[in-house]
Amino acid sequence: MAAEWSAVLLTCRQGHGGVAALQRELEVRRLRGGLGPRPPALLLAVEDPWARLGSGGATLNALLVAAEHLSARAGCTVVTADVLKDARILILHMGRDFSFDDCGRAFTCLPAEEPGAAAEALVCNLDSLLGTMTHRLCVGSPPGVWVCSTDMLLTVPSTPGINWDGFQGVRVIEVPGSPAYARNHGVYLTNEQGLVRDIIYKGTEAQIQQCAGPDGTVPLVCGIVFFSSDAAEQLLATHVIPPLDACTYMGLDSGAPPIQLSLFFDIVLCMAGGMTEEGFVKSGGDVSVRSARSVLWTALRGFPLSVACIPNASYDYMTSSASDHIRSLTHLPSSAGHLHFCKTAHSHVDQPCLLEDGSSVTNCLLEGAVQLAAGSVIQHCHLQGPLVIGSGCLLSGLDVGSSAALRGCPLRDVVLQGHHVRLRDLPCRVFTLTGRLDDWQSPVEKATYLNMPWAEFFQRTGVREGDLWDAETPRRSRCLLSARLFPVLHAREALGLQDVLWLLGLAMVPTEQLARWRTAWRMSWQELLPCLDTEAELGARQALFFLQGQHKVRRVLLGRQDSSLLPLARSAVHEGYHKAMLDTLDEVASMAGDAGIAARALACIAEVLGCMAQGEGGLRSGPAANREWASAFGRLESGDIAGGVQELAAERQKWMSRPALLVELPPLGHWVQAVCPARLDLSGGWSDTPPITYEHGGAVVDVAVLVDGCRPVGARVRRIAQPELRLVTLSGTPQGKVVADLVCGELEHLQDYCQPHAPGALLKAAFICTQIVQFPSQTPLHDQLMENFGGGFEVHTWSKLPHGSGLGTSSILAGAVMASLYRAAGKAASTESLIHAVLHLEQRLTTGGGWQDQVGGLIPGIKIGRSKAQLPLRVEVEQISVPDGFTQTLNDHLLLVYTGKTRLARNLLQDVVRNWYARLPSIVQNADALVSNAEECAQALRQGDLMLLGRCLECYWQQKKCMAPGCEPLAVGRMMDALRPHAHGQCLAGAGGGGFLYILTKAPRQKEALQQILANTEGLGNFSIHSIEVDTGGFSVEVLGCDTKDSAHPGGDRAV
């Protein structure tokens, strides 16, 4: 069993950046299956609204964010606590900085592997806790909110034995520990009913003993709390009450003074039975905290606070002691639930015999002779021997270039780390060196550096106190944390690991080394912490993981090991390293010199490609019969394995642009159906039209939209036994009436494909542009179809939108037809190639037109397409990231009005092209303005600014009228005048002249109001109002079954 989360949130401190990287980490874990068999729909990395918010404030802010998102998903326009009633929410706090991992305690890697995992990956403390919470601790709990710190290593038995019968209120989790351990931690004082009376932190021996049970253990606070739905609702309600509003982004944005709150001592403690209101509130420190405690007491005091004891569980807080950290990574439990702890985890080690028992290597590539003593740890390093690492060491983040500096440098009891640092926009690498026994915050007189008294360090190296601390720095503040020891930049020379290793003082320090160190710009660890680049560090770890993974591929295949590479293949696909994986497999298959090894490598390639398809289909199951693959297979059969593999790889590349289309040829009679959204052009239209787009350059902001809740444009194709092309147009839906029906049995029936008004011209052009049919050709159509496909094709198309709608119907329909044809013919086409293919088709069809329609309808969501002034034309599309909830805001404020007027866009297009070729100054200036307005529109969307977006729409409509004078019929002008007081902005879709008008309303959900306004406006004719919403899924292509009801052709006209 597993807990089924409604939402999982990971909070992180403000100012460290990397929120986007943490969000990606959560998404990758969803793909891996690390969040249970039914992963949550809502997965968020949430940055604290200020740096010292505290665990209590972070909990309240995260709870608000979760409620906002769940409310939006429930269709609400305001936050409602009702969404908490049946929700199961997990909030994980990353907490404070960690001296031994730049990504914090949550992403500290454990020396562990998951043998049964579907995807192979590094195991972080976050993964261990997610597994514990999802599969053990939270199973069977009622709806509510779990809050979990990530600053501890926690193991829990498979059946924790928590009884939830009759539960209400709030529950804390305790783990039994020794009184000695409790001296530096918190313990619960409980009564006989299992209710908490007090929380004692770093108590006296007598206080701790009164908490002890019959077995002598004490209930340790382990950082996990569960709030029932009712309690969570009451806690959420406090976020609008000062001073607790300052715990949330809303309060701080409104100017509330910041406040710091503890989860346990400011929120949970108020429910402890031994507390009195006066004692609780008065012990709150400053006035704002006392006021906050008073609000919390009123809101939460009525809830019982119970404790759940987890026997046989273990808890280990991750302290700032290097000795403790090294011990936690080398004194390994035999197992912890689903994890398998091991000396060498996710690493390639050339000589594993040189790793002593009691050492630990995780995510490393150790080449050559690298000797590691017991009690030492290496993580995230690529090193080349010969190297000797003594006991008591932690090495992390060292790249292969560091190896030379380490050779001949005896290391013992030191922590040596390489860091990714960003100084504003300047990325750089910084190395730090400390001793295992050093304390970060002890004053210099009582402390050590590199395990020796500071005085001895100064004597050995020639470093002076004045080099490390300013003269005005108080003596009590002079400590290792604030010492400017670590070189960051040098005006003349590149810095490296050698610039900190000399601080060991192992030999007489050269004068030039000390001088070089003094002239470098140095920073203290305290100064470096805010500059650590979480995103770069996570990326470097990922790259190293897959680099050692490539070595594993070679090791397993060439060594004929019985290890599955499928979990590694899945991870490579999830995290974008599939190309490196495929290249390595190609290399092994080519160089093995053994047919058996080559065959297994090729089978692994198929597995990678299957993973890339993500359940939508893989490569065709039997490509050997396809002529495009025949040459490569012929070389393999002849014994030329290297040449065959090389040719297979080259051919494979052509098929990989969209794995969803890399599926086996659909059976005869099975429909391949593509359905597409419409598109709204929000700015920039006309700049995408040839020749403007390749002579001037273009930019268009488009939105894929559902009209009245559905994708209005579609096509379906199936192979048929007869060697002919059946072209059927339907009214409105796949089940609609047949409007036009044509059969092409000869090539000459296709010759009018370039006449737009000829029957079936678009479909004929699609067959030619997809090269399913070669035209012109000496080979008859009958022979072409039989030789290549064993029969012909039947195509059905439909659109719920009227002709000339301005919503990109014809271009999007062309995309749907071509996507279906490609798939039905066993060909591959990426979305990018479809965009260009439709542009090519429209030029062949002689309708002209630009690329924005197919960009808008074939790519989901909100985006900006750009093309540079060049040939060949290339359209690049950028998805526009909008603020949370803004997509729903757009849905609420956008409406579509059918004007009842039909436009003739082709006539408009001809005039615009003529004017452009004439280089009329107004047209050239307007082309510049179209592009700049598109960029401003994209910025308005990124900011979630409806008013600015409305101004961009109004500006865009004026630009359209400049580009094509006369595109605003009188009736449309009257309609726009009537709607203007109620709109931020409005514009006719597409080229103008009629079709649909879209309006961005000032108030949400105004369909009925606008209907009444237009009904009372004279001279408008037959208008209608339609709802639209952003389509974030995009067009879909799927293989349907064989429809026996319409397998017989309906008996259409034959082309003559």
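Which residues does Leu682 touch, not counting residues up to four places away in sequence? In this predicted model, where local features need pLDDT of at least 70, side-chain atom pairs count only at pLDDT 80 or more, and totals for chains, interfaces and linings use all residues, Leu682 touches Val701, Val703, Cys937, Leu941, Leu949, Leu953, Tyr956 and Tyr998, a contact being heavy atoms within 4.5 Å. Residues are numbered from 1 along each chain as its sequence is written, and side-chain values use heavy atoms, with hydrogens and water left out.

Leu682 belongs to the largest nonpolar core, which has 114 residues and in which Leu682, Leu725, Phe793, Leu890 and Leu941 touch the most other members. Such a core is a set of buried Ala, Val, Leu, Ile, Met, Phe, Trp, Tyr and Cys residues joined through side-chain atoms within 4.5 Å, where buried means under 20% relative accessible area, exposed over 50%, and partly exposed in between, with a 1.4 Å probe and protein chains only. Helix α27, residues 809–824, gives the most to this largest core, with 10 residues; helices (H or I, at least four residues) and strands (E, at least two) are DSSP runs numbered from the N terminus. Apart from the largest core lies another, of 78 residues, among them Leu122, Val553, Ala572 and Val573. In soluble globular proteins, nonpolar side chains tend to be buried together.

Leu122 and Val553 lead on to other parts of the model. Leu568, in helix α19, is in contact with Val553 as well as Glu120, Phe545, Phe546, Gly549 and Met581, leaving aside neighbours within four places in sequence, and Leu568 is buried, with a relative accessible area of 0%. Helix α19 (566–574) is also, with β1 (7–12), β2 (42–47), α3 (125–137) and α18 (534–558), included in what covers the buried residues of α1. Those buried residues are Ala21, Leu22, Gln23, Glu25, Leu26, Val28, Arg29 and Arg32. Helix α1 itself, residues 19–32, has 14 residues and reaches 20 Å from its first C-alpha to its last, close to the 20 Å expected at 1.5 Å a residue, the expected span being 1.5 Å times one less than the number of residues. After α1 comes Gly33, whose phi is positive, near 90 degrees.

Glu25 and Arg32 of α1 appear again at the second largest cavity, where they, with Leu122, Arg541 and Gln542, lie nearest the centre among 14 lining residues. A cavity is a set of points, on a 1 Å grid over the protein atoms alone, where a 1.4 Å probe fits but cannot get out, and lining residues have an atom within 4 Å of a point. This second largest cavity has a volume of about 170 Å³, and α18 gives the most to its lining, with 5 residues. By class, the lining has 8 nonpolar, 1 polar and 5 charged residues.

The backbone has some features of its own. The peptide bond from Pro242 to Pro243 is cis, with omega near 0 degrees, and Pro243 sits in the loop between α6 (229–237) and α7 (249–253). Another cis bond runs from Gly385 to Pro386, with omega near 5 degrees. Lys202, although not a glycine, has a positive phi of about 50 degrees and is partly exposed, with a relative accessible area of 46%.

Notes. 1 Å grid on protein atoms, 1.4 Å probe; cavity = no way out; pocket = protein on both sides within 12 Å on 5 of 7 lines; lining within 4 Å. Points joined across faces, edges and corners; volume = space filled by probe spheres on them. Nonpolar A, V, L, I, M, F, W, Y, C, P; charged D, E, K, R; others polar.
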